[in-house]
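The following paragraphs lead the reader through a protein structure, from its overall composition to the pairing of individual strands. Please keep the sequence and the model in view while reading.

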Amino acid sequence: MKENEFPNCPLCGSKSNFLFVSKLKKNIFKCEDKKCSHLFTPINEFNQGVCQRIEDLELESNQFLRDFKGRNKRLTKFLLKNICSNKKNISILDYGTGNGHLPRVMREIIPKESVIYALDAVKEYDIFYEKFGLTPIKDIENIKPNSLDLIIMTEVIEHIVYPIETLKSLKSKLKSKGKIFITTPGASETESDTNAFDTVSHIQFFTEKSFEKLIKDSGFNNFSYFKPKIMQPHFFETPFDKDKILRLYGRSKEIIKKIITNYYFKKFLKKSKTKNNKKRIYHIIGFAQ
Ligand SMILES: [Zn+2]
């Protein structure tokens with residue numbers, strides 16, 4: 001690829017520099033504007049950011065619930081506490097619902113009068129969402145402006161082709177005090193520092209600077225960062241207990257590998273500090289408001 005063919009940054013439109021070829025054989029570029037420094041891979045294929053279709057959605061969702069049910073309850077309570085919590089009819093949108101293990105747990109906790117919209121690129125999932133009390137929607141435009149209390153976007157923004165435009169349109173659906181909960185793996189110029197490059201459908205890799213830019217340019221005032229603990233299932237905290245090992249035996253090799261990788265990734269997180277001893281953000285988690 002010639003230098004004049006390097007793609008423009010999907011956040012700010014500036015020129016980019018080639019950084020490296022990832023393990024998954026994706027060309028990774030870095031925005032040359034120092035105020036942005038966004039990392040990304042250009043779109044070469046149709047639906048490049050969309051996750052592979054899940055064959056047995058309910059089975060996968062149930063498998064996730066085995067490990068994440070407790071975490072999801074804890075996370076739901078945390079999210080509710082952070083939005084106007086004592087209201088009966090809350091409106092929530094789970095953007096990029098996938099196997100829906102989090103909104104399924106939320107549905108059991110939040111008041112009956114409340115609604116949880118489920119939106120996914122794969123429309124065949126809608127029957128499954130209905131089965132678990134979620135309200136599938138075809139398009140974000142089907143939601144009334146200023147009507148949502150909370151939008152959840154866990155591990156989704158890194159799959160989106162035009163992240164600023166998407167967040168802008170999501171913001172227009174939030175009530176004035178509404179919040180959007182976002183999580184995404186943080187980017188690093190060293191591939192092994194992060195799991196951001198380990199998924200083939202990831203196309204955006206947010207640095208601290210480019211994430212701040214995303215938030216501001218989408219019209220949000222601020223982002224409050226949380227520690228990774230809020231997202232972790234119990235077994236990350238006690239990795240070698242008996243229950244965890246028994247649970248792991250029931251899983252496929254690939255999932256075990258993922259869990260172990262994540263565990264060591266977390267250990268790595270604890271150890272690594274930057275030169276000025278400030279802890280780096282490897283996983284971005286928090287509320288935009
Ligand atoms: Zn840029």
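**Overall composition and the open sheet**

Of the 289 residues in the protein, 33% are buried. The model is a predicted one, and its secondary structure comprises seven helices and 11 strands. Among contacts with a separation of 6 or more, 68% join residues that are 24 or more positions apart.

Seven strands form an open sheet with mixed pairing, in the order 6-5-4-7-8-11-10. Its edges are strand 6 (135–136) and strand 10 (223–225), each of which pairs on one side only.

The part of the sheet around strand 5 may be considered next. Strand 5, which spans residues 115–119, is mostly covered, with four of its five residues buried. Strand 4 (residues 91–95) runs parallel to strand 5, and five bridges link the two. Within this pairing, Tyr-95 has Leu-119 of strand 5 as its bridge partner. Helix 2 (residues 101–109) joins with strand 4 and strand 5 in a right-handed β-α-β unit.

Strand 5 also pairs with strand 6, again in the parallel sense, over two bridges. Here Tyr-117 is found opposite Thr-135 in strand 6. A right-handed β-α-β unit is likewise made by strand 5, helix 3 (residues 126–131) and strand 6.

Elsewhere in the sheet, the pairing of strand 8 (residues 174–185) with strand 11 (residues 283–288) is antiparallel and extends over six bridges. In this pair, Thr-184 lies opposite Ile-284 in strand 11.

Definitions and conventions. Residues are numbered from 1 along each chain as its sequence is written. This is a predicted model: local features need pLDDT of at least 70, side-chain atom pairs count only at pLDDT 80 or more; totals for chains, interfaces and linings use all residues. A residue is buried if 20 or more other C-beta atoms lie within 10 Å of its own, exposed if 12 or fewer, and partly exposed in between; C-beta atoms are placed from the backbone. Two residues are in contact if their C-beta atoms, placed from the backbone, lie within 7 Å. Two strands pair if DSSP finds at least two bridges between them. A crossover is right-handed if, with the strands pointing away from the viewer, the path from the first strand over the helix to the second runs clockwise.
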